[in-house]
Amino acid sequence: MRIEPDKAGVKRLHIVQHWDGATPGTVKTLDSWFELSTFRPFTHERRTTKDGQIKVEGFAFQPDRIVGLKDLPDNAQAAYDVASPQPSFNFETDMEFLQALPLAAGYEAQIVFHHPSGGPPAPYVFKVTGSEVLTSSAGGKVDCWVVTTDYNRPENKPATFWIAKDSQVVIKNVATAPDGAVWVKTLIW
């Protein structure tokens, strides 16, 4: 996550993510640009490499819709066009977004997210449900806010985030996938 000028020279928030997939040989690179003061998304590009093949997807977040980037070479989502009755945030940067919230005991936020090429934009409720001290493998302690959401699937166990109180960094995330698998993301510290 960096602050840097975009192609027009305007300072923006730029987030680049690299994900090694659970399936051997699958790698995703995500490249997203945001308004600096609001985290409002502008563009999101996703490159997925699987079995040596690269799939390119690119999206622009507009105030009333999310559309495919028509000028992005090889964009498999160039014709993408989804209405967004209210502006939405980029779901693929939810962990970064949560780090920017003013977390405190009892805090609750309803955030409209859209996963590019996923379902329509929808509001999701994130709640601070407590606090907990996590211990690293080296014995270090981190006092965290515990934040939960059911991702609008109340039949599943809620996803849980542990966010450091002093730095707002996401230390751990545990969530149940639609197929029942459990995803665990942990910051190694």
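## Pockets, cores and aromatic pairs

The lining of the second largest pocket divides by class into five nonpolar, one polar and six charged residues. The model in which this pocket is found is a predicted one. The residues that line the second largest pocket are Asp-6, Lys-7, Arg-12, Asp-31, Trp-33, Phe-42, Thr-43, Glu-45, Leu-69, Asp-71, Leu-72 and Pro-73. Strands S3 and S4 each supply at least two residues of this lining, and the largest share, three residues, comes from S4.

The largest pocket is lined by 42 residues, and those that lie nearest its centre are Trp-19, Asp-94, Met-95, Trp-183 and Lys-185. At least two residues of the lining of the largest pocket come from each of S2, strand S3 (26-34), strand S4 (41-50), H1, S9, S13 and strand S14 (182-186), while S13 gives the most, with six residues.

A search of the whole structure also finds one cavity of 30 Å³ or more. The lining of the largest cavity is made up of Thr-149, Asp-150, Tyr-151, Arg-153, Asn-156, Lys-157, Pro-158, Ala-159, Ala-175 and Thr-176. The table sets these spaces side by side.

| Space | Volume | Classes of lining residues |
|---|---|---|
| Largest pocket | about 1,400 Å³ | 18 nonpolar, 15 polar, nine charged |
| Second largest pocket | about 390 Å³ | five nonpolar, one polar, six charged |
| Largest cavity | about 30 Å³ | four nonpolar, three polar, three charged |

We turn now to the interior. In soluble globular proteins, nonpolar side chains tend to be buried together. In this model the largest nonpolar core has 25 residues, and Phe-126, Val-147 and Phe-161 are those with the most contacts inside it. The elements that give two or more residues to this core are strand S2 (11-20), helix H1 (94-98), strand S9 (108-114), strand S10 (122-135), strand S11 (141-149), strand S12 (159-164) and strand S13 (170-176). Of these, S10 provides the largest share of the core, four residues.

With its neighbours within four places in sequence left aside, Val-147 is in contact with Leu-103, Phe-126, Lys-127, Val-128, Ala-159, Thr-160, Phe-161 and Ile-163. A second core, separate from the largest and made of seven residues, includes Leu-134, Val-142, Val-146 and Trp-162.

The aromatic rings add a further part of the picture, for the structure holds 12 aromatic pairs. One of these pairs is formed by Phe-39 and Phe-97, which are edge-to-face, 5.3 Å from centre to centre and with 85° between the planes. This pair links distant parts of the chain, since Phe-39 lies in the loop between S3 and S4 and Phe-97 in helix H1, 58 residues apart. Both Phe-39 and Phe-97 are buried.

Phe-97 also forms an aromatic pair with Phe-89, and that pair is tilted, at 4.5 Å centre to centre and 50° between the planes. Is Phe-89 buried or partly exposed? Phe-89 counts as partly exposed because its relative accessibility is 22%, and buried means under 20%. Phe-97, by contrast, has a relative accessibility of 8% and therefore counts as buried.

Phe-39, Phe-89 and Phe-97 belong to one aromatic cluster, which is formed together with Phe-34, Phe-91, Phe-113, Tyr-124, Phe-126, Tyr-151 and Phe-161. Two members of this cluster, Phe-126 and Phe-161, are also among the residues with the most contacts inside the largest nonpolar core, and another member, Tyr-151, is one of the residues that line the largest cavity.

Terms used
Residues numbered from 1 in each chain as written. Predicted model: local features only at pLDDT ≥ 70, side-chain atom pairs only at ≥ 80, totals over all residues. Heavy atoms only, no water. Core = buried A, V, L, I, M, F, W, Y, C linked by side-chain atoms within 4.5 Å. Buried < 20%, exposed > 50% of the residue type's maximum accessible area, 1.4 Å probe, protein only. Contact = heavy atoms within 4.5 Å. 1 Å grid on protein atoms, 1.4 Å probe; cavity = no way out; pocket = protein on both sides within 12 Å on 5 of 7 lines; lining within 4 Å. Points joined across faces, edges and corners; volume = space filled by probe spheres on them. Nonpolar A, V, L, I, M, F, W, Y, C, P; charged D, E, K, R; others polar. Phe/Tyr/Trp six-rings, centres within 6.5 Å; stacked < 30°, edge-to-face > 60°.
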